[in-house]
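Let's take a walk through a protein together, one region at a time. Have the sequence and the 3D view ready, and pause whenever you want to find a residue for yourself.

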Amino acid sequence: MAARPAQARSPQARPALRAPGLDWVLMLAVLALVVVGTLLVWSATSHRQDLTAGDSTAYVKKQLVNVAIGLVLLVIVMATDHRWVRIMAPLVYLASIGGLVLVLTMGSTINGSRSWLELGSMSIQPSEFAKLAVVIGMALLLAERAEGRWRSQVGTAEVVGMLVIAGVPATLIMLQPDLGTMLVLSATVFGVLAVSGAPRRWLLLLSGGGVTAAAAAVAAGFLKQYQVDRFMAFTNPDLDPRGAGYNVEQARIAVGNGGLFGQGLFHGSQTRAGFVPEQHTDFIFTVAGEELGLVGAGVLIGLLCLVIWRALSIAAHSEDVFGRVAAAGIACWFGFQAFQNVGMCLGIMPVTGVPLPFVSYGGSSMFAGMLAIGLLQNIHLRSTAQVPTRYTMPVRVLASR
């Protein structure tokens with residue numbers, strides 16, 4: 001009997017699951033940010049005897065531990081089967097809610113906000129993880145609705161569901177109160193709604209409602225006095241240069257001292273004098289501006305933009321709704337938080353106390369950011385086609401369903 005000829009494989013035939021490889025542009029950009037950030041943290045703390053108790057490397061050692069743990073979390077999420085990621089999404093969301101509740105009942109107050117849980121020698125800020133939990137919660141809701149064929153497009157039911165998912169942690173965060181995280185979360189939710197194809201009337205309604213709610217909160221005295229003072233100092237830094245406006249004034253001086261190429265790493269005059277408060281955390285960008293100059297600070301911003309671009313590109317080319325919405329939400333989160341942090345260091349945004357992703361000192365921010373990068377890589381690895389370097393705007397992600 002003649003051997004049966006092998007059937008030619010159709011060029012359209014593709015495996016249901018193929019790993020095209022890591023997004024190395026994203027990975028290298030994140031690693032570069034981590035390296036630069038660790039050096040900036042070292043520079044900002046090495047001379048601070050009040051922080052280091054004589055050990056100039058105390059904070060850089062802690063940051064290296066944070067980075068190591070973050071990378072482990074990244075690898076775990078990246079290597080987890082895509083189905084398990086979706087199964088675990090509700091548990092992650094519920095865990096973040098539980099953490100926020102614990103903060104209100106037994107948390108520690110730092111800088112006027114009850115946002116921290118003390119776990120031995122480590123402090124955890126659950127609101128950092130809530131950002132990621134809200135993103136994946138909203139993405140899972142849209143994915144279930146689309147794949148269940150309940151609706152072909154985003155309608156009122158989906159928008160209301162997403163707002164409920166975001167509203168629970170947002171309420172708990174406002175009770176702390178953590179205004180900076182609330183602003184980032186609000187921008188992230190708005191971005192997810194926009195890219196998911198929510199009706200424009202909802203976006204306009206939410207924008208107007210947000211402005212109205214903010215005005216009502218100020219008029220009703222809901223915000224604490226130090227928060228009101230920060231906004232007043234933002235509108236006029238000279239109003240209280242030794243009080244609420246001190247941080248902004250000193251931050252602008254430090255950035256201005258850097259000139260084009262900076263004063264050199266570990267040689268910033270404002271940094272070594274300790275004039276800028278919280279310089280290793282919220283105001284880490286001032287160290288880059290003073291010691292690395294306009295060129296170095298520009299490179300740092302470029303790396304952040306590269307991370308955001310790759311997240312948007314992964315969102316644009318993901319073949320499932322969950323991946324598209326989650327990746328776009330992460331891009332919105334990183335984008336607004338970076339803008340808020342750099343903006344307050346330059347005096348164009350109010351001081352709200354949010355870290356610069358992958359650069360500022362801190363475990364919670366680093367862990368949450370690395371988990372998000374792991375999820376982006378997971379989405380990329382499970383794509384059936386290699387994500388190209390060319391960028392396409394991921395608007396109306398459910399329109400093709």
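The protein's secondary structure comes to 15 helices and three strands. Here helices (H or I, at least four residues) and strands (E, at least two) are DSSP runs, numbered from the N terminus. What you are looking at is a predicted model, where local features need pLDDT of at least 70 and side-chain atom pairs count only at pLDDT 80 or more, while totals for chains, interfaces and linings use all residues. Residues are numbered from 1 along each chain as its sequence is written, and side-chain values use heavy atoms, leaving out hydrogens and water.

How far can you trust the picture? The guide is pLDDT, the predictor's confidence in each residue, from 0 to 100. Its mean for the protein is 82, and 81% of the residues reach 70 or more. Confidence is highest in helix 1 (residues 24–45), at a mean of 96, and lowest in helix 9 (residues 225–235), at 65. The pLDDT is below 50 over residues 1–19, a stretch with 14 contacts in the model beyond near neighbours in sequence; a contact means heavy atoms within 4.5 Å. Residues 384–401 are also below 50, and that stretch has 55 such contacts. Where pLDDT is low, the predicted coordinates should not be read in detail.

Now for the inside. Of the 401 residues, 51% count as buried, meaning under 20% relative accessible area, with exposed over 50% and partly exposed in between (1.4 Å probe, protein chains only). The largest nonpolar core has 101 residues, and I330, F334, L356, F358, I373 and L375 have the most contacts inside it. Such a core is a set of buried Ala, Val, Leu, Ile, Met, Phe, Trp, Tyr and Cys residues joined through side-chain atoms within 4.5 Å. Helix 14 (residues 321–346) gives the most to this core, with 14 residues. Take F334 as a sample: leaving aside neighbours within four places in sequence, F334 touches V307, I308, P357, F358, G369, A372 and I373.

Another buried residue is L142, at a relative accessible area of 1%, in helix 5 (residues 126–147). Its C-alpha atom is 8.1 Å from that of V325, although the two residues are 183 apart along the chain.

Why is helix 12 (residues 284–291) described as largely enclosed by the rest of the structure? Eight of its eight residues are buried, so the rest of the structure largely encloses this helix. The buried residues of helix 12 pack against helix 1, helix 10, helix 11, helix 13 (293–317) and helix 14. Just after helix 12, G293 takes a positive phi of about 75°.

One of the residues of helix 12, E291, is also a contact of L265, along with L39, L40, S43 and L292, setting aside neighbours within four places in sequence. L265 lies in the loop between helix 10 (246–257) and helix 11 (269–273) and is partly exposed, at 26% relative accessible area.

Finally, step outside. The protein exposes about 18,200 Å², with carbon and sulfur atoms supplying 66% of it; accessible areas come from the Shrake-Rupley method with a 1.4 Å probe, and for residues only the protein chains shown count as cover. V92, in helix 4 (residues 82–106), is partly exposed at 34% relative accessibility.
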